[in-house]
Amino acid sequence: MNHIVMSEELLISMIDVYARSNNLEKAEHYARLVKKNKTLAWTAFLAGCKKVVDYSTVRRIRKEFPFLEKDASAMVLMSNVAAVAGEYGEKDKMREMMDERNLKKIPGVSYVVLQNGQVHRYTVEDEKVPKKAIDMIDSIYFKIAENYNYVADVSCVLRKFPDREVAITHLHRHSEKLALGMALTEPGNHTIDITENLRMCMDCHNFIEKTSNLYPSRKIIIEDTARSHIFMNGSCSCGGDY
Ligand SMILES: [Zn+2]
Ligand SMILES: [Zn+2]
C-alpha cells in the first residue's frame, strides 16, 4: 500500500466502509490522509461515531477541526451523537449555533448507478462532478426553457444570493440534477436510477419532467424520501402531486 497514492474519492469511500463497520480507528486513519475534502472525510467519519454512539471521539474531533462547525451535515451528526449519548445541553448548544449561523439542516445527496455499475455520490454544488455533467445540465436548461416553457423556480432556493442568475446556478447544482446530468452523458437508452436523501424540490421535479421530453421513451427514476418518481415523455408517475 505504501507506494500507492489513493485518490481522495477512494480515501473517502474507505472512511465510509470502516465507519459503517464500526472500525473508527481505521476510519480515522484514512480521514487523516485527506487533505482537500476534509469536511467530507470527517463527516463520513462522524457518521461512524453516530453509529456506535461515541461522543468522546466526536468532542475530540470537533475540537481539533473547528471548520466542522460550519458544516450543517457535520453539525447535525455531532448533535445527534450528543443527544443519543444523553448530552442534551451540548446538543442544544450545537443546534443554537446552527440557527445563529443559518446552517441549512440537511444537505441533499444523490446516488446514481452508472453503466459500469459504479455508484456516484453527489452533494449539492459538488465540486467533483465532471465538467461534462455540468455542461449537460446547462444545455438541457437552454433546451427546456426554449421548447418546454421551463422557468427556474428560485423560490426553491433557501439561501440568499446576490441576484437571480446566481440563484439559478445554485438551483441547477442540486444533487439530483448533477446525478442526472452525469447519467445523461452516457450513451444508450437504459433506465436512469437515482436515489436521494431528501424530498426533491419543486424545481428539480419540473426540470426533470421537462428533460424527459428530450429523451423519448427513456425512463428516469428518482427515489426520494417521499416516493418513487418515474419520469417519461414529459410527465411523472406521481402526477405532480407529491
Ligand atoms: Zn432541487
Ligand atoms: Zn413525481
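In this predicted model, Cys204 is a convenient place to begin: with a relative accessibility of 0%, this residue counts as buried. Cys204 offers its SG atom to the zinc ion (ligand 1), whose other donors are ND1 of His174 and SG of Cys201, at distances of 2.0 to 2.3 Å. Read along the chain, the donors of this zinc ion (ligand 1) show the spacing H-x26-C-x2-C. His174 belongs to the loop between helix H8 (164-171) and helix H9 (175-184), while Cys204 belongs to helix H10, so the two together tie parts of the chain that are 30 residues apart in sequence. His174 is also buried, its relative accessible area being 11%.

A second metal site involves helix H10 as well, through His205. Here the zinc ion (ligand 2) is held by NE2 of His205, ND1 of His229, SG of Cys236 and SG of Cys238, again with distances of 2.0 to 2.3 Å. The angles among the 4 donor atoms run from 104 to 113°, and the site of the zinc ion (ligand 2) is tetrahedral. Its donors are spaced as H-x23-H-x6-C-x1-C along the chain. Distant parts of the chain are linked by two of these donors, since His205 sits in helix H10 and His229 in strand E5 (residues 228-232), 24 residues apart. His205 and His229 are both buried.

Helix H10 (residues 202-214) also carries Asp203. Asp203 counts as buried, because its relative accessibility is 0%. Two polar contacts of its side chain stand out for a newcomer to follow. One joins the side chain of Asp203 to that of Lys177 at 2.9 Å. In the other, a polar atom of the Asp203 side chain lies 2.9 Å from the backbone nitrogen of Asp153. Leaving aside residues up to four places away in sequence, Asp203 touches Tyr150, Val151, Ala152, Asp153, Cys156, Leu171, His172 and Lys177. Lys177 has a further partner: its charged end sits over the ring of Phe207, 5.3 Å from the ring centre.

Lys177 is itself one of the buried residues of H9. In this helix, 10 of the 10 residues are buried, so H9 is largely enclosed by the rest of the structure. The buried set consists of Ser175, Glu176, Lys177, Leu178, Ala179, Leu180, Gly181, Met182, Ala183 and Leu184.

Attention now turns to the aromatic residues, which make 6 aromatic pairs in the structure. In one of them, the ring centres of Tyr18 and Tyr30 are 5.8 Å apart and the planes meet at 5°, so this pair is stacked. Tyr18 is part of helix H1 (residues 8-20) and Tyr30 is part of helix H2 (residues 24-31), so the pair ties together parts that are 12 residues apart in sequence. Tyr18 counts as partly exposed, with 22% relative accessibility, whereas Tyr30 is buried, with a relative accessible area of 9%. Another pair, formed by Trp42 and Phe45, is edge-to-face, with 5.3 Å from centre to centre and 80° between the planes. Both Trp42 and Phe45 are found in helix H3 (residues 38-52), where they are 3 residues apart, about one turn of the helix. Trp42 and Phe45 are both buried. Together with Phe65 and Phe67, Trp42 and Phe45 make up one aromatic cluster.

The tour ends at Lys128, which is located in the loop between strand E2 (119-123) and helix H7 (131-147). Its relative accessibility is 34%, so Lys128 counts as partly exposed; the range for this class extends from 20% to 50%. Not counting residues up to four places away in sequence, Lys128 touches Glu9, Arg121 and Tyr122. With Arg121 there is a polar contact, in which the Lys128 side chain reaches the backbone oxygen of Arg121 at 2.6 Å. Lys63, by comparison, is 65 residues from Lys128 in sequence, and their C-alpha atoms are 28 Å apart in space.

Technical notes: Residues numbered from 1 in each chain as written. Chains lettered and ligands numbered in written order. Predicted model: local features only at pLDDT ≥ 70, side-chain atom pairs only at ≥ 80, totals over all residues. Heavy atoms only, no water. Helix = DSSP H or I, 4+ residues; strand = E, 2+ residues; numbered from the N terminus. Buried < 20%, exposed > 50% of the residue type's maximum accessible area, 1.4 Å probe, protein only. Contact = heavy atoms within 4.5 Å. Polar contact = N/O pair within 3.5 Å; in protein donor to acceptor, adjacent residues only side chain to side chain. Donors = N, O, S within 2.8 Å, 3.2 Å for Na, K, Ca; no water. Phe/Tyr/Trp six-rings, centres within 6.5 Å; stacked < 30°, edge-to-face > 60°. Lys NZ or Arg CZ within 6 Å of the ring centre and 35° of its normal. Tetrahedral: all angles 85-135°; square planar, octahedral: opposite > 155°, others 65-115°.
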